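Work through the exercises below with the sequence and the model open. Each task is followed by a solution in steps.

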Amino acid sequence: MDLLAAAKEAVAGATAAGAGSADALALERRETSLTIRRGDLETSQEAETRGVGVRAFRGGRSGIAYTTDLTPESLRRAGRQAADLAALAGMDPAAGLPDPAFRGAPAAVEGIDDPDYESVEASRGIAMAKEGEAAAFAADRRVVNSEGTQFEAARQRTALAASDGFEARSQRTRYSLAVMALAEDEGGALQRDGWYTCSPILARLDPPEAVGREAARRCVRRLGWRKVETRRVPVVFSPEVAAAFAGEVARACCGDALFRGASFLADSLGEAVASPLLTLVDDPLLAGGLGSRPFDAEGARPARKAVLDRGILRSFLFDSFSLRKTAAAFPARAAGGTPGNATRGLGGPTAVGTSNLFVEAGAETPEAVIGAVQDGFYVTETLGFGVNTATGDYSKGAAGLWIRDGALGHAVQEVTIAADLRAMLRGVAAVGNDLEFRSSVSAPTIRIAEMTVSGN
Amino acid sequence: MPEAPPAPLLDAVFPFDRTVLERLLGEALSRGGDFADLYFEHRAEAGLTLEEDLLREATAGVVAGMGVRVLSGERTGYAYTEDLVPESMARAARTAALVAAGTGEEAVLGVSEKPVKDLYPVRRPAGEVPLAERVEFLRRASAAARSHDARVARVIVALRDEVKTVAVVTSDGGLYRDRQPMLMFRVSVIAEEAGKGRNVASEGGGGRVGLEYFEGRSPEEIGREAARKAVLALGAAEAPAGPLPVVLGPGWSGILLHEAVGHPLEADFNRKGLSRYSRKIGQKVASPLCTVVDDGTVASSRGSLNVDDEGNPTAPTTLIRDGVLVGYMQDRLSARLTGARATGNGRRESYAHPPMPRMTNTYLAAGPHDPEEILRSVRRGVYAASFSGGQVDISKGDFVFSVTEAWLIEDGRKTRPLRGVTLIGNGPDIMNGVEMVGNDFRFSDGVGTCGKNGQMVPVGVGLPTVKIASITVGGTGG
């Protein structure tokens with residue numbers, strides 16, 4: 001069954017059962033995943049999956065049902081079930097479809113669907129993965145093992161239909177190649193690291209050889225690591241770690257956390273919460289973006305938002321529900337807010353999430369960002385879940401390289417970095433010019449004036 | 001061979017007779033291969049969320065599909081479909097078959113049903129209890145959390161239940177059916193106090209149980225515990241930074257074990273030489289006080305299975321005995337390639353995923369020490385009582401885990417609560433640094449979920465009070 005027709009069928013099932021309004025999201029995803037290990041094919045997976053999730057509203061009461069069975073009877077049944085559940089739910093005036101003012105035709109976003117998807121053969125992916133892995137082994141003789149090199153190709157189709165007549169569909173592709181290498185030192189201790197490339201368009205992936213070489217470089221530079229003494233020092237985040245940090249800050253700017261009072265930034269709208277060097281943007285319309293979306297998961301008009309504009313907290317991210325909730329309980333937090341940031345799984349309500357989130361590039365080269373540090377820590381990986389966006393506590397495991405007199409030195413592992421998120425934001429002392437959109441969350445190299453590194 | 005039961009061999013959920021199943025296995029092995037299996041899954045789920053005493057979310061859904069796996073040497077081919085008609089299933093089987101490069105000489109044995117255990121009988125299936133009655137459990141937890149302390153600002157309670165009906169059909173003639181219930185209850189509390197900021201904490205419970213679960217542990221108890229934790233950390237002190245002795249409280253702290261030695265002892269990592277513990281069987285890898293077991297047969301536990309996801313019976317498997325490494329957790333592929341016995345640890349998230357070696361319920365056995373005595377032996381250190389998660393790097397054995405309830409220990413007593421903090425260490429170092437093991441063994445209460453290669457599965461962990469000589473504590477204080 002056509003996806004949009006399936007979504008409409010589920011909506012019809014809900015309204016026929018008494019729902020005042022309803023919407024349904026239908027997804028279909030095809031995916032090929034291939035793993036090469038030590039030159040041979042290890043796993044080959046083919047997936048073809050689909051499903052429909054339907055939300056039904058009776059006034060402010062809502063119910064949700066979903067199914068992977070796309071027959072008309074099953075879709076109608078899911079719609080009816082959602083309407084029945086809504087009858088039992090509590091009344092919340094914030095629940096419901098997006099306000100008409102926030103509806104809009106789906107945007108045209110370039111470069112997110114590869115027209116050649118159907119003609120890409122598995123053999124091409126296998127060849128790329130083999131080439132990537134071979135390059136890692138060839139780059140350095142200390143690379144002794146491989147955890148596997150994975151090639152993935154996927155196309156996802158989405159359709160959204162609502163009882164107010166909104167309908168939209170989109171289609172996107174995604175390719176990735178990831179090499180994971182293991183290096184061994186003279187003592188037999190193993191180190192593992194890797195590199196990847198990811199793009200909506202196959203031809204825009206980095207060459208496999210370059211990915212393999214970079215995986216080897218990242219892995220080998222971890223050899224000969226040592227712990228450091230506990231102390232407070234300047235810390236430089238590599239682009240990957242800076243991106244994770246951007247994601248953590250954005251989580252505190254999501255409507256869900258605002259109306260629940262679970263964000264350390266909840267009452268700071270309009271204030272200078274960060275260094276003027278820091279601009280943090282969410283842009284769902286970015287051409288070629290891995291997180292781009294022509295419409296959000298409830299059909300609200302997506303738009304670019306500067307969450308932080310030169311250090312000033314300018315916008316929060318909302319879906320319709322969290323915007324209404326926040327506006328009712330804390331009008332100041334919702335001032336000027338718009339929806340458009342809804343995400344949604346098939347089986348749940350909408351939640352607020354980022355699309356393409358990135359820190360705008362600064363003026364300095366990454367070498368200069370590092371070069372200004374006499375004694376500090378260049379972090380290439382963080383581990384664990386130690387970020388609390390309600391309190392602002394930040395404490396994570398970390399690995400990287402020690403900076404001495406402006407240059408990268410020995411590898412460091414088994415340490416933690418900790419600070420208060422407010423102090424980290426204010427303490428952003430340099431932003432690099434090396435922004436690349438490698439993932440849906442991206443950032444350049446960033447230096448933070450001071451954090452506690454806990455080691456020996 | 002026993003007579004096959006009358007058609008359909010599977011039940012109403014999967015109305016297929018043995019001819020269909022045997023033909024699918026034949027398709028799967030049509031290009032050769034050592035082994036093939038079919039995994040049928042039907043999952044009925046329901047979720048309720050109460051927030052501000054309002055039933056905010058009521059969800060229900062049905063997910064069904066089947067996956068086909070083909071093993072050929074070290075290769076795995078996998079495909080799945082949600083379109084449960086013979087043509088689509090045969091297409092999936094032929095796709096999975098492509099991983100093998102030979103011709104279909106493999107005979108498929110006649111399929112017959114094999115008995116499985118009954119580890120999780122459910123007295124009061126949540127799905128059969130009227131919604132209004134189910135909501136009452138959420139309301140009770142919410143009210144108890146609110147009345148626990150005036151600083152409780154917001155309470156969110158969620159109850160999720162699922163019944164997974166699965167059938168594994170193997171090319172060596174086995175058919176294994178199981179009905180796997182799961183109940184998950186979670187109370188999240190946001191506490192606020194002027195001048196001391198806010199804090200979030202949660203407490204949960206459940207397992208492969210029905211609503212009879214609440215006869216043993218009331219919703220009020222869970223709600224109060226969540227509130228206690230949320231309020232406790234308001235205005236808590238900065239955790240110290242640097243290496244310190246750490247005492248792990250009983251139960252949930254087993255997450256440390258899960259990360260530090262659990263993952264590194266999964267057979268696939270070891271077969272491929274990727275783990276710190278590869279080729280170390282028979283060697284001393286931990287303090288002699290440590291005996292570590294993975295046991296998929298713990299009655300009604302979240303990590304338990306009557307039969308694993310590739311048809312092997314679950315069992316208690318000793319991994320480390322008195323500090324010496326004695327075994328790995330195996331799935332069918334790793335067991336066959338290394339000549340080991342399958343241990344019932346072949347698990348998968350769903351029909352969309354091929355199985356791999358995974359933990360079930362992993363625990364450290366009780367030791368000789370009184371928990372009070374353990375605490376008294378520490379002059380200055382950290383007591384870790386509750387955790388939000390952990391992560392490990394298999395090759396080095398380095399792991400972190402995030403403590404959400406921590407106390408400073410001074411002169412043998414817990415003195416002050418600390419803010420949330422990350423602990424980092426190296427698995428082998430930590431396991432060798434186990435200095436005391438308590439006699440107060442406890443399993444965690446049913447909320448653990450483990451991720452590996454993108455697949456999530458429910459697990460249990462357990463641990464008595466344990467003292468570790470030194471772990472790096474990632475705070476900011478002195």
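Helices (H or I, at least four residues) and strands (E, at least two) are DSSP runs, numbered from the N terminus. The model is predicted.

**Exercise 1. Describe the overall make-up of chain A.**

Step 1. Count the elements: chain A holds ten helices and 20 strands.

Step 2. Take the extent. Along the principal axes, the C-alpha atoms of chain A fill a box of roughly 70 × 55 × 35 Å.

Step 3. Compare the radius of gyration with the globule rule. A compact globule of 456 residues would have a value near 23 Å, and chain A has 24 Å, so the two agree.

Step 4. Look at burial and contact range. Of the 456 residues in chain A, 59% are buried. Among contacts between residues at least 6 apart in sequence, 73% join residues at least 24 apart.

**Exercise 2. Which domains does chain A have, and what classes of residue lie on the side of domain 1 that touches domain 2?**

Step 1. The assignment gives domain 1 as 3-220 and domain 2 as 225-456 in chain A.

Step 2. The centres of these two domains of chain A, taken over C-alpha atoms, are separated by 23 Å.

Step 3. Across the boundary in chain A, 31 residues of domain 1 are in contact with 28 residues of domain 2.

Step 4. On the domain 1 side of chain A, at least two residues each come from β1 (21-37), β2, β3 (61-67), β4 (143-162) and β5 (167-184).

Step 5. By class, that side of domain 1 of chain A has 21 nonpolar, five polar and five charged residues.

**Exercise 3. Follow the strand pairing from β4(A) through β5(A) to β6(A).**

Step 1. Begin with β4(A) and β5(A), which pair in the antiparallel sense over 17 bridges. Within this pair, T149(A) stands opposite V179(A) in β5(A).

Step 2. Inspect the turn. The hairpin of β4(A) and β5(A) has four residues between the strands, and G165(A) takes a positive phi near 100° there.

Step 3. Go on to the next strand. β5(A) runs antiparallel to β6(A) (residues 190-199), and ten bridges join them. A178(A) is the residue opposite Y196(A) in β6(A).

Step 4. Inspect the second turn. Five residues lie between β5(A) and β6(A) in their hairpin, and G188(A) in the turn has a positive phi of about 90°.

Step 5. Place the neighbouring positions. In a regular strand the side chains alternate between the two faces of the sheet.

**Exercise 4. Which residues touch the most other members of the largest nonpolar core?**

Step 1. This core has 281 residues, and those that touch the most other members are A7(A), V52(A), V54(A), A82(A), A246(A) and V189(B).

Step 2. Find the element that gives the largest share of the core: strand β5 (residues 152-170) of chain B, with ten residues.

Step 3. Take A82(A) as a worked case. Leaving out residues up to four places away in sequence, A82(A) touches A14(A), A22(A), V54(A), R55(A), A56(A), G63(A), I64(A) and A65(A).

**Exercise 5. Describe how chain B meets chain A.**

Step 1. Count both sides: 63 residues of chain B are in contact with 57 residues of chain A.

Step 2. Strand β2 (residues 54-72) of chain B gives the largest share of the chain B side, twelve residues.

Step 3. By class, the chain B side has 26 nonpolar, 24 polar and 13 charged residues.

Step 4. Check for strand pairing between the chains. Strand β2 (residues 40-58) of chain A and strand β3 (residues 75-81) of chain B run parallel, joined by four bridges. S44(A) stands opposite G77(B) in β3(B).

**Exercise 6. Describe the domains of chain B and trace an open sheet in this chain.**

Step 1. Chain B is divided into domain 1 (126-165 + 177-232) and domain 2 (241-474). The centres of these domains of chain B, over C-alpha atoms, are separated by 25 Å.

Step 2. In chain B, 13 residues of domain 1 are in contact with 14 residues of domain 2. β7(B) gives the most to the domain 1 side, with five residues.

Step 3. Turn to the sheet. Six strands of chain B form an open sheet with mixed pairing, in the order β11-β10-β9-β14-β23-β20. Its edge strands are β11 (324-325) and β20 (442-443) of chain B, each pairing on one side only.

Step 4. Within the sheet, β9 (292-295) and β14 (361-364) of chain B pair in the antiparallel sense over three bridges. The bridge partner of V292(B) in β14(B) is L364(B).

How values were computed
Residues are numbered from 1 along each chain as its sequence is written. Chains are lettered from A and ligands numbered from 1 in the order in which they are written. This is a predicted model: local features need pLDDT of at least 70, side-chain atom pairs count only at pLDDT 80 or more; totals for chains, interfaces and linings use all residues. Two residues are in contact if their C-beta atoms, placed from the backbone, lie within 7 Å. Ala, Val, Leu, Ile, Met, Phe, Trp, Tyr, Cys and Pro count as nonpolar, Asp, Glu, Lys and Arg as charged, and the others, Gly among them, as polar. Two strands pair if DSSP finds at least two bridges between them. Domain bounds come from an automatic or database domain assignment. A nonpolar core is a set of buried Ala, Val, Leu, Ile, Met, Phe, Trp, Tyr and Cys residues joined through C-beta atoms within 7 Å. A residue is buried if 20 or more other C-beta atoms lie within 10 Å of its own, exposed if 12 or fewer, and partly exposed in between; C-beta atoms are placed from the backbone. The radius of gyration is taken over C-alpha atoms; the globule rule is 2.2 Å times the number of residues to the power 0.38.
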